[in-house]
Amino acid sequence: MTKKLSAMDRAEPFKIKVVEFIKKTTRDYREKKIKEVGYNVFFLTSDDIFIDLLTDSGVGAMSDNQWAGIMVGDETYAGSRNFYHLKEAVRDIMGFPYTVPTHQGRGAENVLDRVLIREGDAVPGNKHFDTTKAHIEDKKGTAVDVTIDEVYEPETLHPFKGNLDLKKLEKVIQKYGKERIPYILITITCNSGGGQPVSMENIRQVHEMAREYGIPLFYDAARFAENAWFIKQREKGYEDRPIREIVGEMMSYADGLTMSAKKDAIVNIGGFIAMRDKELYQKCAAMGVLFEGFPTYGGLAGRDLEAIARGLYEGIRLDYLTSRISQTHYLGNGLKDIGIPIINPIGGHAVYVDGKKFLPHIPQTQFPSWTLSVELYLESGVRGVEIGTILEGRDPKTGKERLPRLDMMRLTIPRRVYTNNHMDVVVEAMEAIKARKDDIVGLRFDYEPPVLRHFLCTLERVNE
Ligand SMILES: *Cc1c(COP(=O)(O)O)cnc(C)c1O
């Protein structure tokens, strides 16, 4: 599905100027540590982790050019020149004339939703990210998932599994009526769906439907550049188009976007809202003052704004995107080659191991993918994260365990941070785990917090 790439294509278009040492630990040490933290990898300190694949958010390596930008940060309360650089970069790359900076993606979601959502409204979209959904619900709206059914089928090879189902979308529009739908949201790439891309054709069709009904279209654009790369790789007619043009066309169909710059702008902190409409800008700027700060800094330092402006240009480089996504695929294919069940096709920023299928003797109520993340840490000091039953939580009404169809361990690749040798460590560890997997026992709660239990729970082995 993805075109064959040469070694030159896959090679990183940069060399390493600064390194940070990471600690290799012994199995005994890790055994002690994971017990101390109640088998919850969120409680591990980074010093005890060798390779951290918890997230790709805010953990990328900035370039020398971005660090140089940090040094020319203009820390002026109102009118920092770095804000104008950011605004110009957004206009140049994405085509939106107005930008409201925010401290990160969820800050952008909060401000936009406060302006646009009224009680009882619905926001249809493709598997809204958890903070996105939480902000819609916080404003008494409903996030309605209209992703194509294929996203729930780990084996199905579909080149654009993040696509929206137009029939489902139309039904939602007819059910709620356009007055109750403040906007349609396309998440590119679809993070909660496994980093799966959305095709240009699908984006265009959603845009046309949105226009027909007079509903604005927004993007959750955290990984917009990775989405453009997949379009170039997989969609007919885009093979020879530069990434910038593809991004430009994608953006031309939207009224605006929220952005977590911690992803494709390759910075450690930051985000923004961008839009076409002046009146919407004025409302968001005013709301932003209340929650984020004056509209030329938005909860960030001038230096952060500069790093985002520069990072946006680096994030859309074809050579960088090819090497980045090749690394994710290198890990995924390495796991496939040794018979580890993963979600197909491999997405842009992460590889998802099907924990339920890998450890079929562990019932879902004993958290197979969470157990696997514990085993991976024990085996190698690598930290992955469960996207499964513990994350899903109990039904708030009945208090019963909800058992999601997909129970997975996510291995998320930070940008420009690790080498393929590090990916080999993960594959080797998974091979060792595979050899002893029938002896692995599941987990039960020792302490289960009432909400967002994955962050703060502690567990024990079921045979303890
Ligand atoms: C990370 C992310 C967000 C939230 O952004 P933060 O910067 O973490 O607040 C929203 N949507 C998607 C798709 C994301 O990946």
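## Briefing: the whole chain and Arg461

In the protein chain, 72% of the contacts with a separation of 6 or more are made by residues that lie 24 or more positions apart. The model is a predicted one, and the points below turn from the chain as a whole to one residue, Arg461, and its surroundings.

**Overall form**
- The protein chain holds 18 helices and 14 strands.
- For 464 residues, a compact globule would be expected to have a radius of gyration near 23 Å, and the 22 Å of the protein chain agrees with that expectation.
- The C-alpha trace of the protein chain extends over about 60 × 55 × 45 Å when it is followed along its principal axes.

**Surface, burial and charge**
- Among the 464 residues of the protein chain, 58% count as buried.
- The protein chain has an accessible surface of about 19,700 Å², and carbon and sulfur atoms contribute 52% of it.
- The chain carries 64 positive and 67 negative charges, and the mean positions of these two groups are 1 Å apart.

**Arg461 and its surroundings**
- Arg461 belongs to strand 14, which covers residues 458-461.
- Arg461 counts as buried because its relative accessibility is 11%, and buried means under 20%.
- Although Arg461 and Leu443 are separated by 18 residues in sequence, their C-alpha atoms are 4.5 Å apart in space.
- When neighbours within four places in sequence are left aside, the residues in contact with Arg461 include Tyr39, Thr371, Val374, Leu378 and Leu443.
- Glu375 is also in contact with Arg461, and the side chains of these two residues are joined by a polar contact of 3.0 Å.

Definitions and conventions:
Residues are numbered from 1 along each chain as its sequence is written. This is a predicted model: local features need pLDDT of at least 70, side-chain atom pairs count only at pLDDT 80 or more; totals for chains, interfaces and linings use all residues. Side-chain values use heavy atoms; hydrogens and water are left out. Helices (H or I, at least four residues) and strands (E, at least two) are DSSP runs, numbered from the N terminus. Buried means under 20% relative accessible area, exposed over 50%, partly exposed in between (1.4 Å probe, protein chains only). Contact means heavy atoms within 4.5 Å. A polar contact is a pair of N or O atoms within 3.5 Å; within protein, one must be able to donate a hydrogen and the other to accept it, and residues adjacent in sequence count only if both atoms are side-chain atoms. The radius of gyration is taken over C-alpha atoms; the globule rule is 2.2 Å times the number of residues to the power 0.38. Accessible areas come from the Shrake-Rupley method with a 1.4 Å probe; for residues, only the protein chains shown count as cover. Lys and Arg count as positive and Asp and Glu as negative; His and the chain ends are not counted. The place of a charge is taken as NZ of Lys, CZ of Arg, CG of Asp or CD of Glu.
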